[in-house]
Amino acid sequence: MTRMMLAPLVLLAALLVLPDLVAAQPVAHSTYNRRKPGRSTWAPVPRPRRDSAPNRLGLYLGGGILGDYLIDSGNDLTRFIRTGWGGELFLGLRLSPSIALELGGGMSFHDTDPNLQEHYDQAILSGLTLDLKYFLMPSSVRIEPFLQGGAGFYTVSEEGLKGREMTGGGWQAGGGVEVRLSPSLGLGGRVLYKGMYMDNGTDILPATRSVYLNHLTGDLSITLHF
């Protein structure tokens, strides 16, 4: 009989103590905060961002297609060759996030003016250049605009590289942009002005004609970064 009378009392005491025991237990979502008052959904506490600054130092190698537009300055010799198309290769060294040195080589094929050149109807313009590149957004992950400038050595050869018609030096300046598809692969484009002072002199014969050529080039390229 006594046991039967104690049973209700024990059950009542358990019901009174149970809320305090539940409140004292650790909450499974203690590391979460509510998004807004009144909502029943839970949102994770944002983790600190990792440092995603890209490593831009090192070598890169690229190549692409090149368009060369010759600006007519009124001198007959500036019409010696006309607008042409070709290709280029370049090897660069990124010295810092903002600065790179780039060695380039290009070749483009040009029609000639028949009123000025009767021996052949196509010429090849070849060039070897050294440029300094300055990247405007060195911390950018995807898009890298840049400015560049430098100097070069150029030759104009007869069709089939039979001989050098004109040689000379020049300078170039311009800019472009590269889009990184991945840390090791990029697509780029640039526009450069190139000024070339050329003549037909050789080690044996002095120059009998000379000309300053104004070129505007544009290229699309693909680059591998190591």
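**Entry 1: the second largest cavity**

I started with the second largest cavity of this predicted model, and its volume comes to about 100 Å³. I then asked which residues sit closest to its centre. Of the 13 lining residues, the closest to the centre are Phe90, Lys133, Phe146, Ser221 and Thr223. Next I looked up which elements give two or more residues to this lining, and I noted β8 (164-182), β9 and β10. By character, the lining of the second largest cavity splits into 4 nonpolar, 4 polar and 5 charged residues.

**Entry 2: the largest cavity**

How many cavities of 30 Å³ or more are there? My count came to 2. The largest has a volume of about 250 Å³. It is lined by 26 residues, and those closest to its centre are Glu88, Gly105, Gly106, Thr129 and Lys194. The elements that each give two or more residues to this lining are β3, β4 (81-94), β5 (99-112), β6 (122-135), β7, β9 and β10.

Which strand gives the most to the lining of the largest cavity? I found that β5 does, with 7 residues. I also sorted the lining of the largest cavity by character, and wrote down 9 nonpolar, 10 polar and 7 charged residues.

**Entry 3: the chain as a whole**

With so many strands in my notes, I stepped back to the overall layout. The chain holds 1 helix and 10 strands. Read from the N terminus, the order is α-β-β-β-β-β-β-β-β-β-β, so I can place the helix ahead of the strands by the numbering from the N terminus.

I checked burial too: 32% of the 226 residues of the chain count as buried. For contacts between residues at least 6 apart in sequence, I noted that 58% join residues at least 24 apart.

**Entry 4: strand pairs from β3 to β6**

I followed the pairing along the chain, beginning at β3. Strands β3 and β4 run antiparallel and are joined by 11 bridges. For one residue pair here, I noted Leu66, whose bridge partner in β4 is Gly86.

Then I moved to β4 and β5, which pair in the antiparallel sense over 12 bridges. How many residues lie between the two strands of this hairpin? I found 4 residues between β4 and β5. Within this pair, Gly92 has Glu102 in β5 as its bridge partner.

From β5 I went on to β6, and here 13 bridges join the two antiparallel strands. Ile99 stands opposite Tyr134 in β6.

**Entry 5: the partners of β10**

Which way do β3 and β10 run, parallel or antiparallel? I found strand β3 (residues 58-71) antiparallel to strand β10 (residues 210-225), with 12 bridges between them. I picked out two residue pairs: Ile71 stands opposite Asn214 in β10, and Tyr69 stands opposite Leu216 in β10.

I then looked at strand β9 (residues 185-199), which is joined to β10 by 15 bridges, again in an antiparallel run. Leu185 has Leu224 as its bridge partner in β10. Both β9 and β10 were already in my notes, as elements that give two or more residues to the lining of the second largest cavity.

**Entry 6: a close look at Gln148**

My last stop was Gln148, which belongs to strand β7 (residues 143-158). Why does Gln148 count as buried? Its relative accessibility is 5%, and Gln148 counts as buried because the cut-off is under 20%.

I listed what surrounds this residue. Beyond its neighbours within four places in sequence, Gln148 is in contact with Asp131, Leu132, Lys133, Gln172, Ala173, Gly174, Arg190 and Leu192. One of these, Lys133, I had met earlier among the residues closest to the centre of the second largest cavity.

Which side chain makes a polar contact with the side chain of Gln148? I found Arg190, at 2.8 Å. I also noted the spacing to Tyr134: the C-alpha atoms of Gln148 and Tyr134 are 6.1 Å apart, while the two residues are separated by 14 residues along the chain. Tyr134 is also the residue in β6 that Ile99 stands opposite.

Terms used. Residues are numbered from 1 along each chain as its sequence is written. This is a predicted model: local features need pLDDT of at least 70, side-chain atom pairs count only at pLDDT 80 or more; totals for chains, interfaces and linings use all residues. Side-chain values use heavy atoms; hydrogens and water are left out. Buried means under 20% relative accessible area, exposed over 50%, partly exposed in between (1.4 Å probe, protein chains only). Contact means heavy atoms within 4.5 Å. A polar contact is a pair of N or O atoms within 3.5 Å; within protein, one must be able to donate a hydrogen and the other to accept it, and residues adjacent in sequence count only if both atoms are side-chain atoms. Two strands pair if DSSP finds at least two bridges between them. On a 1 Å grid over the protein atoms alone, a cavity is a set of points where a 1.4 Å probe fits but cannot get out, and a pocket is an open set with protein on both sides within 12 Å along at least five of seven lines; lining residues have an atom within 4 Å of a point. Grid points are joined across faces, edges and corners, and a volume is the space filled by probe spheres set on the points. Ala, Val, Leu, Ile, Met, Phe, Trp, Tyr, Cys and Pro count as nonpolar, Asp, Glu, Lys and Arg as charged, and the others, Gly among them, as polar.
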